Amino acid sequence: MINYFVISCILIIVTSAPLGFIVYWKNKQPITNKLFFALTLATSLWALGVSLEVITDSKYTALLSARLFHFAVIFIPILYSHFLLSFLNLNEIARRMIRFSYVLGIFFSFSNLTNFLVKDVRPLPELNFKFFIEPGILYVPFIAMFFLLPGYAFIKALQIFNHYTGVRRNQVR
């Protein structure tokens, strides 16, 4: 049976990583290009790991894959927020938030080595997944970070949007 979820993960991998590499390769100097490349790489690693998790027959491989792809997932909202704030030239204003988000990322990365973030994996046949994560006690705070950090950056983008004109306004849009 075709697993459309895995197909979508493969599409993410073959589009995200090359796009990030192209942006970085064309101009390696700007911090926004470096952050965009890191973001697309983290997104590709997440897609690879989650696809392996749901198709493997081995519980051990599924758990290892879940823990490995969570290292990438932890940094997706952090890299996205940092990228957006850099793109909007708000690095200086949001410096504390950016530093705090990386500290949170390191905390969740260490938590990922234990059962606190990903407790285990279990079969999820109703979604055609051989295995899927069973969240640990820190998963709710992690999900909160996952949505709050990009939400903060998005609100900052909305606040500054009206100050831009012309081409820059279209870039932000």
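**Group meeting: a helix pair and two residues**

Let me start with a pair of helices. Helix α2, residues 31–55, packs with helix α3, residues 59–87, at an angle of about 155°, and the two axes are 7 Å apart. This is a predicted model, so please keep that in mind throughout.

Why give those two values? Two packed helices are described by the angle between their axes and the distance between the axes. The cut-off for roughly antiparallel is over 145 degrees, and α2 and α3 are therefore roughly antiparallel to each other. As for handedness, α2 passes α3 in a left-handed crossing. What sort of residues make up the contact of α2 with α3? They divide into 20 nonpolar, 6 polar and 1 charged.

Now the chain around that pair. The protein chain has 6 helices and 2 strands. Along the sequence, the order is α-α-α-α-β-β-α-α, with the two strands following the fourth helix. The C-alpha atoms fill a box of roughly 55 × 30 × 30 Å, taken along the principal axes.

Some totals for the protein chain. It has 173 residues, and 42% of them count as buried. Its accessible surface comes to about 10,300 Å², and carbon and sulfur atoms account for 71% of that surface. On contacts: if you take those with a separation of 6 or more, 66% are between residues 24 or more positions apart.

Next, two single residues. Going on from the end of α3, we come to the loop between α3 and α4, and Asn89 is found there. Asn89 is not a glycine, yet it has a positive phi of about 60°. Is Asn89 buried or exposed? Its relative accessible area is 60%, and the cut-off for exposed is over 50%, so Asn89 is exposed.

The other residue is Ser101, in helix α4, which spans residues 95–112. Here the accessibility goes the other way. Ser101 has a relative accessibility of 2%; buried means under 20%, so Ser101 counts as buried. Which residues does Ser101 touch, leaving aside those up to four places away in sequence? They are Ile78 and Leu149. Ile78 lies within the range of α3, residues 59–87, so that contact of Ser101 with Ile78 takes us back to one of the two helices I began with.

To recap: α2 and α3 are roughly antiparallel, Asn89 in the loop after α3 is exposed, and Ser101 in α4 is buried. That is what I have for today.

Definitions and conventions: Residues numbered from 1 in each chain as written. Predicted model: local features only at pLDDT ≥ 70, side-chain atom pairs only at ≥ 80, totals over all residues. Heavy atoms only, no water. Helix = DSSP H or I, 4+ residues; strand = E, 2+ residues; numbered from the N terminus. Buried < 20%, exposed > 50% of the residue type's maximum accessible area, 1.4 Å probe, protein only. Contact = heavy atoms within 4.5 Å. Axes fitted to C-alpha atoms, helices over the stretch in contact; angles between N-to-C directions. Parallel < 35°, antiparallel > 145°, perpendicular 65-115°, else oblique. Left-handed = near helix turned anticlockwise from the far one by under 90°. Nonpolar A, V, L, I, M, F, W, Y, C, P; charged D, E, K, R; others polar. Areas by Shrake-Rupley, 256 points an atom, 1.4 Å probe, with all protein chains shown as cover.
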